[in-house]
Amino acid sequence: MTTDDTAALPYARLVAAPPTGDADRGERWSQAAQALGEAADELRRLHRLLAGHWRAGSAQQDTDEALRRLARHLDDAHDAYARIAGAVTARGDDLTRARRLALAAAADAGLAGLVVTPQGEVVPASDAATTAPMAVRAAASRLTARIADATDQAAAAERRASEEYADIPAPRPR
């Protein structure tokens with residue numbers, strides 16, 4: 001458990017190799033947002049050009065309103081995609097940082113002859129578990145705390161991303 005009573009990201013999941021393709025997900029969302037923004041700008045540009053080619057009347061007004069509504073929908077989608085891109089990128093960066101911290105603690109444990117359990121607890125090797133000197137047990141405790149901190153940071157990154165996703169407004173109906 002973390003200090004705010006939420007479950008930490010499991011150690012095994014944190015230190016597992018990230019799935020291939022994860023690194024570029026934020027970039028893809030960002031590119032999609034950029035494409036939507038460019039499409040909205042192009043639609044507004046074309047809409048301005050049409051004004052001189054239409055006679056005033058209800059058809060022109062209906063078309064004007066439809067084009068404005070479409071541009072607003074594209075803008076809304078752009079904003080949502082840009083927020084998703086930011087959340088995905090920030091989550092990935094935070095998880096990478098937390099993973100490095102956990103792996104560094106595990107490497108330090110290995111150098112000290114300690115073992116990291118699948119739950120992320122650092123313990124003396126099985127044959128020395130009960131007879132390990134106090135200094136070894138203290139080192140194991142400090143390394144366990146570092147791993148716990150890394151898993152807490154990863155859980156916080158997951159939570160922030162979930163909150164950001166939940167805060168993105170749903171598309172408006174036509």
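A salt bridge is a side-chain nitrogen of Lys or Arg within 4 Å of a carboxyl oxygen of Asp or Glu. In the predicted model examined here, Arg13, Arg91 and Glu158 are linked in a network of such bridges. Within this network, the bridge between Arg91 and Glu158 has its closest N and O atoms 3.0 Å apart. Arg91 belongs to helix α3, whereas Glu158 belongs to helix α4, which covers residues 134-167, so this pair ties together parts of the chain that are 67 residues apart in sequence. The two partners fall into separate accessibility classes: Arg91 has a relative accessibility of 25% and counts as partly exposed, while Glu158, at 18%, counts as buried. The value for Glu158 places this residue in the buried class because that class takes in residues under 20% relative accessible area.

Over the whole structure, the search returned 13 salt bridges. Side chains of opposite charge can pair when their charged atoms come close. Among the bridges found, two share the residue Glu65. The side chain of Glu65 meets that of Arg69 with an N to O distance of 3.8 Å. Both of these residues are in helix α3, where a spacing of 4 residues corresponds to about one turn of the helix. Glu65 also forms a salt bridge with Arg72, and here the closest N and O atoms are 3.6 Å apart. Each of the three residues is partly exposed: the relative accessible area is 32% for Glu65 and 33% for Arg69, and the relative accessibility of Arg72 is 39%.

Another acidic residue of helix α3 is Asp94. Asp94 counts as buried, with a relative accessibility of 19%. When residues up to four places away in sequence are not counted, Asp94 touches Ala157 and Arg160.

Aromatic contacts were also examined. The count comes to 1 aromatic pair. The pair consists of Trp29 and Tyr81, whose ring centres are 4.9 Å apart and whose planes meet at 75°, so the arrangement is edge-to-face. Trp29 lies in helix α2 (residues 25-50) and Tyr81 in helix α3 (residues 58-111), so the pair ties together parts that are 52 residues apart in sequence. Trp29 is partly exposed, at 31% relative accessibility. Tyr81 is likewise partly exposed, with a relative accessible area of 31%.

Tyr81 is also one of the residues that line the second largest pocket. Rolling a probe the size of a water molecule over the atoms shows where empty space is left. The second largest pocket holds about 240 Å³ of space. Its lining includes His73, Asp76, Ala77, Asp79, Ala80, Tyr81 and Arg83. Ile168, Pro169, Ala170, Pro171 and Arg172 also contribute to the lining of this pocket. By class, the lining residues comprise 7 nonpolar, 1 polar and 4 charged.

Definitions and conventions: Residues are numbered from 1 along each chain as its sequence is written. This is a predicted model: local features need pLDDT of at least 70, side-chain atom pairs count only at pLDDT 80 or more; totals for chains, interfaces and linings use all residues. Side-chain values use heavy atoms; hydrogens and water are left out. Rings of Phe, Tyr and Trp (its six-membered ring) pair if their centres lie within 6.5 Å; planes under 30 degrees apart count as stacked, over 60 as edge-to-face and the rest as tilted. Helices (H or I, at least four residues) and strands (E, at least two) are DSSP runs, numbered from the N terminus. Buried means under 20% relative accessible area, exposed over 50%, partly exposed in between (1.4 Å probe, protein chains only). On a 1 Å grid over the protein atoms alone, a cavity is a set of points where a 1.4 Å probe fits but cannot get out, and a pocket is an open set with protein on both sides within 12 Å along at least five of seven lines; lining residues have an atom within 4 Å of a point. Grid points are joined across faces, edges and corners, and a volume is the space filled by probe spheres set on the points. Ala, Val, Leu, Ile, Met, Phe, Trp, Tyr, Cys and Pro count as nonpolar, Asp, Glu, Lys and Arg as charged, and the others, Gly among them, as polar. Contact means heavy atoms within 4.5 Å.
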